[in-house]
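Here is a short briefing on a metal site and on one helix with its packing. Please view the sequence and the structure together.

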Amino acid sequence: MSQPVYSLHNHTPFSDGAYTVDELCQAHLDLAGVKVAGIGICDHLFCTPSSREVKAERDFERLFADETRQYVKMVHEARQRWAGKLEIFCGAEINWPLNKSVLDQIRTRLDGIDYVMFGFADWAGLTQLANQARRWPCPVGLAHTEVARQFPNTSMDQVVRTLANARIFYELSSKLLPLSEDDRWFKLLPQHRVTVAVGTDTHDDLSCLRDLPVMYAYLERRGLGEKLFAPAVRKEEALSA
Ligand SMILES: [Zn+2]
Ligand SMILES: [Zn+2]
């Protein structure tokens with residue numbers, strides 16, 4: 001593989017994952033047949049099905065401000081521990097339906113977070129996100145989205161153009177396996193300026209990490225090897241004290 005391999009969708013016990021950051025790092029380094037350059041921790045943040053309902057801005061601060069800081073601290077400390085061995089990025093997975101009304105607050109709470117991925121956005125949601133994607137302080141992507149199913153009434157052409165214009169990256173996820181060589185979406189993607197992230201949505205089964213070389217090989221065959229989403233660590237000076 002010509003491009004650095006990143007694995008950008010891993011959960012830890014901070015949300016609903018079973019493996020710690022250190023265990024995830026070691027598992028990625030132990031993978032046979034593929035050299036992983038970096039991993040992204042991408043825990044569920046903000047409103048989740050198990051968090052309490054947020055009605056006011058003050059609730060949001062009370063429930064999530066401290067939690068988010070703890071999360072960023074955990075990932076940044078791991079980044080120091082693994083420096084020189086594996087890059088670690090700090091991502092966040094955000095449930096679209098549960099958070100679409102608090103996006104303004106979320107945008108101001110992303111200090112130290114390198115990228116966000118939204119799950120379960122419908123077409124109205126993607127449109128709304130696209131309209132504001134450039135106002136976000138970090139790259140914005142769509143998590144594990146089966147385009148034909150999630151946007152059933154919108155043409156793929158319109159979806160891909162919306163992603164390209166808004167610079168929203170698309171995640172190729174283990175959940176979409178097996179991938180067909182005839183998949184219309186993956187034939188269309190290379191014709192547009194959309195970057196693609198690769199993620200396994202690791203929760204409690206590390207065997208999904210073996211999907212990484214499979215997905216990277218597929219992207220290379222599809223001509224997407226030059227369009228991989230490359231995360232970047234946001235500068236520390238952006239962090240508020
Ligand atoms: Zn989860
Ligand atoms: Zn996830």
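Buried means under 20% relative accessible area, exposed means over 50%, and partly exposed lies in between (1.4 Å probe, protein chains only). Helices (H or I, at least four residues) and strands (E, at least two) are DSSP runs, numbered from the N terminus. This is a predicted model, where local features need pLDDT of at least 70 and side-chain atom pairs pLDDT 80 or more, while totals for chains, interfaces and linings use all residues; side-chain values use heavy atoms, without hydrogens and water. Residues are numbered from 1 along each chain as its sequence is written, with chains lettered from A and ligands numbered from 1 in the order written.

**Helix H7**
- Helix H7 spans residues 156-166, and its buried residues are Met-156, Val-159, Val-160, Thr-162, Leu-163, Ala-164 and Ala-166.
- These buried residues pack against (contact means heavy atoms within 4.5 Å) helices H5 (123-132), H6 (147-150) and H8 (184-188), and strands E5 (140-142) and E6 (169-173).
- Arg-167, just after H7, has a positive phi of about 55°.

**Zinc site**
- Asp-16 (OD, listed twice), His-44 (NE2) and His-203 (NE2) coordinate the zinc ion (ligand 1) at 2.0 to 2.6 Å.
- Donors are N, O and S atoms within 2.8 Å of the metal (3.2 Å for Na, K and Ca); water is not among the atoms, so sites may look incomplete.
- The arrangement of the four donor atoms is irregular because their angles run from 54 to 130°; four donors count as tetrahedral if all angles lie between 85 and 135 degrees, four as square planar and six as octahedral if opposite donors are over 155 degrees apart and all others between 65 and 115, and anything else is irregular.
- The zinc ion (ligand 1) lies 4.5 Å from the zinc ion (ligand 2).
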